Each structure stands twice: as C-alpha cells, then as structure tokens.
Amino acid sequence: MARVRRCKANGCFNMVELPKHYCAKHADQERVYAPRDKQATHRYNTVTRNRDDNKRGQYNFYRTK
Ligand SMILES: [Zn+2]
C-alpha cells in the first residue's frame with residue numbers, strides 16, 4: 001500500500017501519495033512548494049538577474065524601499 005498524506009492545500013482533506021504534497025485538484029501549488037523549483041528561482045535571482053551590471057542595478061533598485 002502506498003504511503004499517503006493529507007493534501008497541504010488549506011481546507012483540503014484529500015489524501016495524496018508520497019512524495020507529492022498536493023492532490024490533483026491543487027497540483028498547481030505543488031510547483032510552488034517543490035524545493036527543485038525553489039532552487040530554480042534562486043538561480044534566476046542570483047544568475048539571470050545579475051548577469052550584467054545594468055540588470056544588477058535594476059534588481060537592486062527594485063529591492064530598495
Ligand atoms: Zn487538495
């Protein structure tokens with residue numbers, strides 16, 4: 001029998017098989033939660049955004065208050 005856990009979406013009690021965190025209905029949230037995608041976002045922030053001085057300047061400007 002497959003290991004299951006409750007869907008992590010708020011108010012959702014569907015059971016999902018590991019290693020998924022969300023049921024089919026909330027599968028779009030899995031993308032946000034997955035560590036792999038967190039790394040992709042980090043890579044985007046550190047590499048793509050800083051690939052040249054102009055872009056880095058823009059990014060730093062966005063981060064200021
Ligand atoms: Zn769900």
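Select Cys-12 first: in this predicted model the residue is buried, with a relative accessible area of 9%, which places it below the 20% limit under which a residue counts as buried.

Next, add the zinc ion together with its protein donors, which are the SG atoms of Cys-7, Cys-12 and Cys-23 and the ND1 atom of His-26, lying 1.9 to 2.3 Å from the metal. With these atoms displayed, check the angles that the four donor atoms subtend around the zinc ion: they run from 100 to 115°, and the arrangement is therefore tetrahedral. For orientation, the ideal angle for four tetrahedral donors is 109.5 degrees. Along the chain, the donors of the zinc ion follow the spacing C-x4-C-x10-C-x2-H. Colouring by secondary structure then shows Cys-12 in the loop between strand E1 (4–6) and strand E2 (15–17), and Cys-23 in the loop between E2 and helix H1 (27–33), so that the pair ties together parts that are 11 residues apart in sequence.

Move on to Cys-23, which is buried with a relative accessible area of 7%, and from there to His-26, found in the loop between E2 and H1. His-26 is likewise buried, its relative accessible area being 15%, and, when residues up to four places away in sequence are not counted, it touches Cys-7, Ala-9 and Cys-12.

Finally, leave the metal site and select Glu-17, in strand E2. Beyond its neighbours within four places in sequence, Glu-17 is in contact with Ala-2, Arg-3 and Val-4. A distance drawn between the C-alpha atoms of Glu-17 and Ala-2, which are 15 residues apart along the chain, should read 6.4 Å.

Terms used. Residues numbered from 1 in each chain as written. Predicted model: local features only at pLDDT ≥ 70, side-chain atom pairs only at ≥ 80, totals over all residues. Heavy atoms only, no water. Donors = N, O, S within 2.8 Å, 3.2 Å for Na, K, Ca; no water. Tetrahedral: all angles 85-135°; square planar, octahedral: opposite > 155°, others 65-115°. Helix = DSSP H or I, 4+ residues; strand = E, 2+ residues; numbered from the N terminus. Buried < 20%, exposed > 50% of the residue type's maximum accessible area, 1.4 Å probe, protein only. Contact = heavy atoms within 4.5 Å.
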